[in-house]
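The exercises below are to be worked with the model open, and each task is followed by a solution that proceeds step by step.

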2 protein chains.
Amino acid sequence: MSPDSVKGLILVVEDERAISDLLRLYLSREGFGVQVESDGVAGLSAARTLHPVAIILDVGLPSMDGTEICRKLRAEGNWTPVLFCTARDDEVDRVVGLELGADDYITKPFSPREVVARVKAVVRRAVQAASSTGALVLGEVSVDPVTRRVTVAGEQVQLTATEFDLLEHLMANQGRVLSREQLLSEVWGYAAIVGTRTVDVHVAQVRAKLGDHSPIRTVRGVGYSAELEP
Amino acid sequence: MSPDSVKGLILVVEDERAISDLLRLYLSREGFGVQVESDGVAGLSAARTLHPVAIILDVGLPSMDGTEICRKLRAEGNWTPVLFCTARDDEVDRVVGLELGADDYITKPFSPREVVARVKAVVRRAVQAASSTGALVLGEVSVDPVTRRVTVAGEQVQLTATEFDLLEHLMANQGRVLSREQLLSEVWGYAAIVGTRTVDVHVAQVRAKLGDHSPIRTVRGVGYSAELEP
DNA sequence: CCAAATCTTGACGAATCCCTGACGCCGAGG
DNA sequence: CCTCGGCGTCAGGGATTCGTCAAGATTTGG
């Protein structure tokens, strides 16, 4: 097992050896993998290829400015969280205000635990932003597989575990007609020991809870599907 | 380099062409990308798919009220900053008070620079709130991973090591439903040799210590998650 | 080495959920 | 128009799941 990838890789672009060593020490202690680059060009290419979960950028760097790296990444559509790291307060003005798409900044000298806390916060936020987009939406019905919440017309609806799994599976395959046998093996489990009529009952439950906005359509003789037009 | 994505995208939902043109002009001059939708339904779907950094919503809209859009997004767990935009003062009462999760509001007529300033402020606030403190906050409960302190409604609460790790992990993944197996492997360790019921007991302990403000929700048949709404 | 705190386990009860079977309606086909 | 099979509906028994408690095991601190 490689200890590097437990929590993901942090890319540190910093030319002062004393600082990068410190960052490596404290971040790896927290379970992050750490890759250090000491000049801007190498840092940019590492950011493009290594897919780090966050990047710590020194503002003053040889060969390419830290702000320049961030700007290029953003222009390429790369929104990996970036923490700027700067010695002078007057540099702060250039990175905050999000003109560069920075997520946070640190001023030297900094305490290692402060850095760790901010890195974790930034990574957490990025993960959250990425995962909150995973909601399945069909008409008025919204199903979030991560939070396991269902809303219909803005109102939250309580589903049981089986009901949720069933609705999620139908919405994930929206438009496709799924047979009861398919639903049983894919929602209930590989070896479904329950009768196929059980599906009907749960479909009815879900429909009752979703009310008029239920997207579940019955395909007589075949099975069920989730779609907009009833 | 596409100038649109330097600072992120602002979604404007506004049916009066004169106003949306003005907003587009001034916001894009500031480096934001701008997407305009002129009716509520299209606006809602754009908000779901485009992942804007902020949304400007007209309160009076054809096909769907601006407040309705905001309410639905919030119900789906989408907390993108929203600025309401309204012509009449009496409408203001409906959006402020944050019952709708609005971040700010503007009354027509407005000066373009005022709008720009508020948008920038709202975006900055959202980013700062998520990344600057390092503490995990959810309702009245605050968990600081660095100092390992927990406060509920301002009062400090003593948690044991396991209890703290459990709560921290749940809050770090707030909203996400975690199974007992996940919690065991991620909180107890990679090779957890303890029974899954152990999780229940510690959850109960944490709940007892947090009292009425406990953010831990049990998702029957699945696991636990930390969130505001019970 | 002892004592206190913490962690884990097992049992029990209450609440909830799931499956089944029966009944009746409805659409398809003759 | 009639028949038949698929489907919606309902309610009850059986099975899970979870909260709670207490006791034993383990760790921590002195």
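**Exercise 1.** In this predicted model, determine in which sense strand β1 (residues 9–13) of chain B and β2(B) pair, and over how many bridges.

*Solution.* Begin with the two strands themselves: β1(B) and β2(B) run in the parallel sense and are joined over 5 bridges. One pair of residues illustrates the register, since the bridge partner of B:Leu11 in β2(B) is B:Gln35. Next, consider the helices that cover these strands. Helix α1 (residues 17–29) of chain B packs on the sheet, where it touches β1, β2 and β3 (54–58) of chain B, and its direction makes about 170° with that of β2(B). Helix α2 (residues 40–50) of chain B also packs on the sheet and touches β1, β2 and β3 of chain B, with a direction that makes about 170° with that of β1(B).

**Exercise 2.** Place these strands in their sheet: what is the strand order in chain B, and which strands stand at the edges?

*Solution.* The sheet is open and consists of 5 strands in the order β2-β1-β3-β4-β5 (chain B), with parallel pairing. The edge positions belong to β2 (33–37) and β5 (104–107) of chain B; each has a single partner strand, so one side of each is left without a neighbour in the sheet. From one strand to the next, the twist averages 20°.

**Exercise 3.** Describe the open sheet of chain A that contains β10, β11 and β12, and identify the helix that packs on this sheet.

*Solution.* The 3 strands follow the order β10-β12-β11 (chain A), and their pairing is antiparallel. At the edges are β10 (178–179) and β11 of chain A, each of which pairs on one side only. Between β10(A) and strand β12 (residues 223–226) of chain A, the antiparallel pairing extends over 2 bridges, and the partner of A:Leu178 in β12(A) is A:Tyr224. The helix is α6 (residues 161–172) of chain A, which touches β10, β11 and β12 of chain A and whose direction makes about 70° with that of β12(A).

**Exercise 4.** Characterise the protein surface near DNA strand D, first by its residues and then by its polar contacts.

*Solution.* Of the 21 residues around DNA strand D, those that come nearest are A:Arg180, A:Thr218, A:Gly221, A:Tyr224 and B:Arg180. Among the atoms of this DNA strand within 4 Å of the protein, sugar and phosphate account for 50%. By class, the surface has 8 nonpolar, 4 polar and 9 charged residues. Both chains contribute through α8 (197–210) and β11 (216–219), each of these elements supplying at least two residues, and α8(A) gives the most, with 5 residues. As to individual contacts, a polar side-chain atom of A:Arg207 lies 2.7 Å from a phosphate oxygen of DNA strand D, and for B:Arg207 the distance to a phosphate oxygen of that strand is 2.7 Å. A base oxygen is also approached, at 3.1 Å from an N or O atom in the side chain of B:Arg220.

**Exercise 5.** Carry out the analysis for DNA strand C: which residues come nearest, and which atoms of the strand lie within 4 Å of the protein?

*Solution.* Of the 21 residues around DNA strand C, A:Thr162, A:Gly195, B:Thr160, B:Thr162 and B:Gly195 come nearest. Sugar or phosphate makes up 83% of the strand's atoms within 4 Å of the protein, and the rest belong to bases. The surface divides into 9 nonpolar, 10 polar and 2 charged residues. Finally, an N or O atom in the side chain of B:Thr162 is 2.6 Å from a phosphate oxygen of DNA strand C, while a polar side-chain atom of A:Thr198 lies 3.0 Å from a phosphate oxygen of this strand.

Technical notes:
Residues numbered from 1 in each chain as written. Chains lettered and ligands numbered in written order. Predicted model: local features only at pLDDT ≥ 70, side-chain atom pairs only at ≥ 80, totals over all residues. Heavy atoms only, no water. Near = heavy atom within 4 Å. Polar contact = N/O pair within 3.5 Å; in protein donor to acceptor, adjacent residues only side chain to side chain. Helix = DSSP H or I, 4+ residues; strand = E, 2+ residues; numbered from the N terminus. Nonpolar A, V, L, I, M, F, W, Y, C, P; charged D, E, K, R; others polar. Pairing = 2+ DSSP bridges. Contact = heavy atoms within 4.5 Å. Axes fitted to C-alpha atoms, helices over the stretch in contact; angles between N-to-C directions.
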